[in-house]
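New to this one? Take a moment with the sequence and the 3D view, then read on for a quick tour.

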2 protein chains.
Amino acid sequence: MPRRGAPGASAGAGALLRLLRDGAPRTRSELAALTGLARSTVTGRIDALLAAGLIAPTGETASTGGRPPATFAFNPAARIVLGADLGAAHARLAVTDLAGSVLAVTSADLDIALGPEAVLDWTVEHGLALLAEVGRPAADLLGVGIGLPGPVEHGTGRAVNPPIMPGWDGFDVPAYVRERIPVPVMVDNDVNIMALGEHFTAWPEYAHLLFVKAATGIGCGIIASGQVYRGAQGAAGDMGHIRVAGADDVPCRCGNTGCLEAVASGAAIAKHLTEQGIRAGGSLDVVELARSGSVPALRLVRQAGRDIGEVLAGAVNFFNPSIIVIGGSLSLAGDHLIAGVREVIYQRSLPLATRHLRIAAARTGETSGAIGAGAMVIEHALDPARLDASTDFKTNG
Amino acid sequence: MPRRGAPGASAGAGALLRLLRDGAPRTRSELAALTGLARSTVTGRIDALLAAGLIAPTGETASTGGRPPATFAFNPAARIVLGADLGAAHARLAVTDLAGSVLAVTSADLDIALGPEAVLDWTVEHGLALLAEVGRPAADLLGVGIGLPGPVEHGTGRAVNPPIMPGWDGFDVPAYVRERIPVPVMVDNDVNIMALGEHFTAWPEYAHLLFVKAATGIGCGIIASGQVYRGAQGAAGDMGHIRVAGADDVPCRCGNTGCLEAVASGAAIAKHLTEQGIRAGGSLDVVELARSGSVPALRLVRQAGRDIGEVLAGAVNFFNPSIIVIGGSLSLAGDHLIAGVREVIYQRSLPLATRHLRIAAARTGETSGAIGAGAMVIEHALDPARLDASTDFKTNG
């Protein structure tokens with residue numbers, strides 16, 4: 001919903017910014033022609049974007065005569081964001097510019113079960129230290145993005161019945177952080193911010209992206225038409241409890257049988273290895289065994305890839321993505337996981353949906369979540385529809 | 001992409017129209033406050049929307065004194081659209097207003113295999129007759145929407161390798177129709193326009209909708225965040241060849257085994273009945289048998305519902321829809337199909353995704369495709385982002 005009270009001068013700047021975000025410098029005349037806006041309107045909006053520091057003059061272009069016209073382009077250095085990826089046992093912070101380039105990072109072992117105050121206090125303290133480190137004034141901070149390892153109601157930024165996060169249920173994360181850092185604060189689950197981080201930094205040209213996090217559990221973040229798709233209750237992408245054909249006898253902690261997570265997660269593989277007499281406490285042990293060449297571990301990882309591929313094959317027919325990105329700790333076990341995924345998807349999905357489908361390993365690494373948390377703030381603040389209706393991004397900090 | 005040459009005066013009208021489409025009358029001051037636009041800007045845009053006939057004055061509101069301010073609201077009678085639902089053996093046309101209210105319909109048995117010229121000539125001839133019947137001038141026609149019974153490249157409006165449509169592959173449908181009716185022409189597949197027709201007329205408040213067409217084949221149209229979701233190659237929603245757990249021995253015409261369509265389509269049920277010595281030539285025979293109380297037919301329809309529910313359970317976890325609408329000829333067999341669907345989805349999907357999930361029978365009936373084809377044109381023409389960049393909807397006809 002558009003909000004009241006935003007200044008009118010730069011309303012409508014969004015359509016211009018959308019054009020400029022590709023980085024190409026353009027003149028006022030070019031922008032007027034491309035948007036259909038009146039020249040005088042373009043001038044007013046350019047002034048507003050310049051005042052907000054979101055675009056910058058880029059020198060001059062050749063002209064047919066007289067004074068060369070000024071050109072303008074997106075200015076990714078204009079503002080910065082702070083992104084926090086809070087995992088079950090580990091937290092990671094990143095400060096990036098508006099293009100997602102990392103200016104500073106920090107991380108620490110941090111138990112999410114310490115509860116919201118302790119974990120967010122750490123986040124605020126180390127976030128502010130990171131901002132000081134990059135030497136930018138508080139007014140440059142566009143906002144804070146936070147990822148949590150459980151279901152989040154994105155509209156309010158509260159965790160909803162998180163299974164591994166005692167004390168977090170219903171806690172108002174944005175309000176708590178905003179009291180300490182007075183900028184917009186947005187919250188989403190860890191898989192969504194990882195999907196956005198990968199999309200934003202490594203695969204911006206793929207509008208329909210599935211990011212699979214295969215680790216202790218299995219989850220999926222969905223980018224549809226270039227934006228995070230969350231579904232009706234924010235539960236979209238919950239692929240861990242979709243039934244795998246042929247695994248009907250495997251019980252799952254959710255009470256059903258044959259769920260993907262009960263069959264193909266890092267925890268499930270570790271359990272299988274232990275049953276075979278090979279010591280494996282969790283997904284990191286599985287990765288280590290696979291990397292050291294353990295044949296039983298490699299076989300199980302490959303089969304997990306096939307099982308994940310079986311569920312993804314349905315998602316491919318249903319969602320017709322342009323790319324599937326495989327990440328999470330299990331993906332560090334080598335090519336066997338992704339090979340299993342590819343094998344089944346190309347066999348089970350329809351040719352029309354797989355002809356141009358790319359299946360790739362995650363590229364952005366451990367920082368993808370923190371970058372994505374920041375990207376969530378950037379995408380929201382620079383959203384053309386929102387910019388056209390309101391410009392409160394100018395008044396932050 | 002925004003286009004060149006659109007008049008500047010009404011650029012930015014989209015944000016206002018988006019607000020006005022709920023039907024509530026609003027004053028210029030209210031619109032300025034709600035959008036953050038300057039009062040002078042609002043006045044200019046209101047004038048442009050009035051000139052295009054898309055909004056209308058709605059009398060006067062009470063004021064604190066002096067002359068009461070004028071109010072404006074969306075004017076659904078302003079323009080009309082022609083929608084065509086071209087099936088395998090049957091064609092249906094509808095003329096509606098901008099709210100999807102049907103002004104006139106016509107239909108006929110028409111074999112899609114007659115090829116594009118013959119089928120589109122019929123569409124144009126009877127479409128023009130329908131326009132004459134409602135007595136509106138050609139300038140009132142906003143555009144023509146067409147649904148085809150096979151894969152369509154939505155961006156170009158061409159059929160792509162359609163299995164049951166000889167002569168249609170690659171045919172430029174919009175160009176052919178535009179030569180005869182000079183307005184924008186948009187094309188999509190039959191399931192997408194049915195989904196849009198149901199959403200537009202019966203379930204506008206459900207932003208994330210899955211429409212399942214269970215008939216001779218099984219397909220799904222997806223509404224995500226209020227818009228048709230097509231995926232990377234326009235193949236999204238192709239659920240007929242997703243594997244059903246426990247049906248690994250059933251061969252499918254696609255070359256795989258266990259596909260939903262091989263197990264639960266009207267054709268598959270008819271085959272099962274025939275094997276049991278009950279004469280059934282296709283899905284309409286199945287419907288008739290079920291309606292007359294045939295226990296074997298009812299059992300098979302119920303099991304088909306369960307199998308469809310099995311595949312939808314994965315889609316529910318993955319996509320987290322707010323509603324699933326079950327349509328197509330098989331849905332006319334009574335409550336057994338939807339009962340089977342509900343049974344499995346509520347058992348197999350996660351509580352978070354099903355707590356508020358509605359599962360309902362289609363409401364709009366046989367005309368949903370034609371209404372949806374028209375709605376596709378309306379949604380496109382009234383799309384705020386597009387309106388902000390261009391206003392060529394004014395110059396149609």
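What follows is a short briefing on the whole chain and then on one of its strands.

Keep in mind that you're looking at a predicted model. Chain A has 397 residues, and 57% of them count as buried. Our main stop is strand E12 of chain A, which covers residues 218–224.

**The chain as a whole**
- Chain A's secondary structure adds up to 14 helices and 15 strands.
- Take the contacts in chain A with a separation of 6 or more: 62% of them come from residues 24 or more positions apart.
- About 15200 Å² of chain A is exposed, with carbon and sulfur atoms supplying 52% of that.

**Strand E12, inside and out**
- E12(A) is mostly covered, with seven of its seven residues buried.
- On one side of E12(A) you'll find A:Ile218, A:Cys220, A:Ile222 and A:Ala224, while A:Gly219, A:Gly221 and A:Ile223 point the other way.
- Whichever way they point, all of these residues are buried.

**The neighbour before: E11**
- Strand E11 of chain A (residues 209–214) runs antiparallel to E12(A), and six bridges join the two.
- Getting from E11(A) to E12(A) takes a hairpin of three residues.
- One pairing to look for: A:Leu209 has A:Ile223 as its bridge partner in E12(A).

**The neighbour after: E13**
- E12(A) is also joined by two bridges to strand E13 of chain A (residues 227–228), again running antiparallel.
- A:Ile223 turns up here too, with A:Val228 as its bridge partner in E13(A).
- The hairpin of E12(A) and E13(A) has two residues between the strands, and A:Ser225 there takes a positive phi near 50°.

Definitions and conventions:
Residues are numbered from 1 along each chain as its sequence is written. Chains are lettered from A and ligands numbered from 1 in the order in which they are written. This is a predicted model: local features need pLDDT of at least 70, side-chain atom pairs count only at pLDDT 80 or more; totals for chains, interfaces and linings use all residues. Side-chain values use heavy atoms; hydrogens and water are left out. Buried means under 20% relative accessible area, exposed over 50%, partly exposed in between (1.4 Å probe, protein chains only). Helices (H or I, at least four residues) and strands (E, at least two) are DSSP runs, numbered from the N terminus. Two strands pair if DSSP finds at least two bridges between them. Contact means heavy atoms within 4.5 Å. Accessible areas come from the Shrake-Rupley method with a 1.4 Å probe; for residues, only the protein chains shown count as cover.
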